[in-house]
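Welcome, and please open your viewer before you read on. We will go from stop to stop, selecting a few residues each time and looking at what is there.

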Amino acid sequence: MIEVLRSGPLTTVQDSGRYGFGAFGVGTSGAADSRSASLANRLVGNPGHAACLEATFGGLALRFRHRAYVAVTGAPCPITCRGRGEGMNALFTMAPGEELQLGTPTTGMRTYIAVRGGIGVQPVLNSRATDVLSGLGPHPLAAGDLLPVGGARCEPLPPISVAPVSHPPSGELRVRVVIGPREDWFTPTSIEVLMNAQYVVTTQSDRVGIRLAGPPLVWACDHELLSEGMVFGAIQVPPSGLPVIFLSDHPVTGGYPVVAVVIAEDLPLIAQARPGQLISFRRGRQRVDSPHRT
């Protein structure tokens, strides 16, 4: 068992997502930065879909009741254990009774903590992911919670000391998008604005979506758009004209037009975007073999 001493601003249990229920109005959810979550699991020998913890803006403190292998990835933050620091993107051990504390990330928003065996909370619809929009899955962590370590089928521990991956960027994010499918709902000038302007990530952003401040986009149509399916990375534009980039816990349908979609390779970038960070868009091309979530 793992005891939660402090949960930080928001810490949830996440895995690779809840697939196959979109027709029933159930979203995918799962780790916002799936690349970092998968890396954490690989470092401790877990399968990629195993449940781990997603800590938003640090502040998490855990006490381990049994010996455990642990890895921390994603947004880089100070890691304190046994009165000394531990490294990001590296495997380390926790002895019974020892505490693990995460500080505030220097860049990015979301840090992932994987434990060998996975977080063994009860699955809901074949997933252990917390969906903050629908309320499915385990509740966000709170002080005093006890988390069981599961029995995920593990591989041998990898023969590396640290994974050589870069940290989330702190400067302007240049995000590649595919225009459409509703570009005809916007004036041609609005498409040019989207592709040439700088937007700012607002404090109203969460796991549902990143709300942007900047030049508004103008609808070219005045009739109602019927609700249609949404995907991770869809850039929806409400009547205010200010774009919203959907993240893991986005709704499965929406009644506002989607002007563009972030390509799969850049989804980890937007998952780590923090309030105040600049985002600009450029035309990209979706690789056929890229992973994606609907």
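The tour below visits strands, salt bridges and some backbone features.

**Before you start**

This is a predicted model, in which local features need pLDDT of at least 70 and side-chain atom pairs count only at pLDDT 80 or more, while totals for chains, interfaces and linings use all residues. Residues are numbered from 1 along each chain as its sequence is written, and side-chain values use heavy atoms, with hydrogens and water left out. Helices (H or I, at least four residues) and strands (E, at least two) are DSSP runs, numbered from the N terminus.

**Stop 1: a covered strand**

Select residues 10-14, which form strand β2. Of its 5 residues, 4 are buried, where buried means under 20% relative accessible area, exposed over 50%, and partly exposed in between (1.4 Å probe, protein chains only). Now add residues 52-56, strand β3: the two strands run antiparallel and are joined by 5 bridges. Strands pair if DSSP finds at least two bridges between them. To find one of these bridges, pick Leu-10, whose partner in β3 is Thr-56.

**Stop 2: salt bridges**

How many salt bridges are there? The count comes to 12, taking a salt bridge as a side-chain nitrogen of Lys or Arg within 4 Å of a carboxyl oxygen of Asp or Glu.

Stay with β3 and select Glu-54 together with Arg-207; their side chains meet in a salt bridge of 2.8 Å, N to O. The pair links distant parts of the chain, since Glu-54 is in strand β3 and Arg-207 is in the loop between β13 (199-201) and β14 (209-213), 153 residues apart. Are these two buried or exposed? Glu-54 is buried, with a relative accessible area of 1%, and Arg-207 is buried as well, at 2%.

Next, select Arg-63 and Glu-3, which form a salt bridge of 3.0 Å, N to O. Here Arg-63 comes from strand β4 (residues 60-64) and Glu-3 from strand β1 (residues 2-7), 60 residues apart. Arg-63 is partly exposed at 27%, whereas Glu-3 counts as buried at 18%. Add Arg-65 and Glu-99 to your selection: with Glu-3 and Arg-63 they are linked in a network of salt bridges.

**Stop 3: a cis peptide bond**

Move to the loop between β12 (173-179) and α2 (188-196), where you will find Pro-181. The peptide bond from Gly-180 to Pro-181 is cis, with omega near 15°. In that loop, too, is Arg-182, which pairs with Glu-228 of strand β15 (residues 228-229) across 46 residues. Their side chains meet in a salt bridge of 2.8 Å, N to O, and Arg-182 is partly exposed at 26%.

**Stop 4: the loop between β10 and β11**

Select Leu-125, in the loop between β10 and β11. Most residues other than glycine have a negative phi, and most peptide bonds are trans. Leu-125, though not a glycine, has a positive phi of about 55°, and Asn-126 has a positive phi of about 70°. Leu-125 is partly exposed at 36%, while Asn-126 is exposed at 70%.

Finally, select Leu-133, also in the loop between β10 (110-115) and β11 (146-147). Which residues does Leu-133 touch, leaving aside neighbours within four places in sequence? It is in contact (heavy atoms within 4.5 Å) with Val-208, Asp-249, His-250 and Pro-251. Leu-133 is partly exposed, at 47%.
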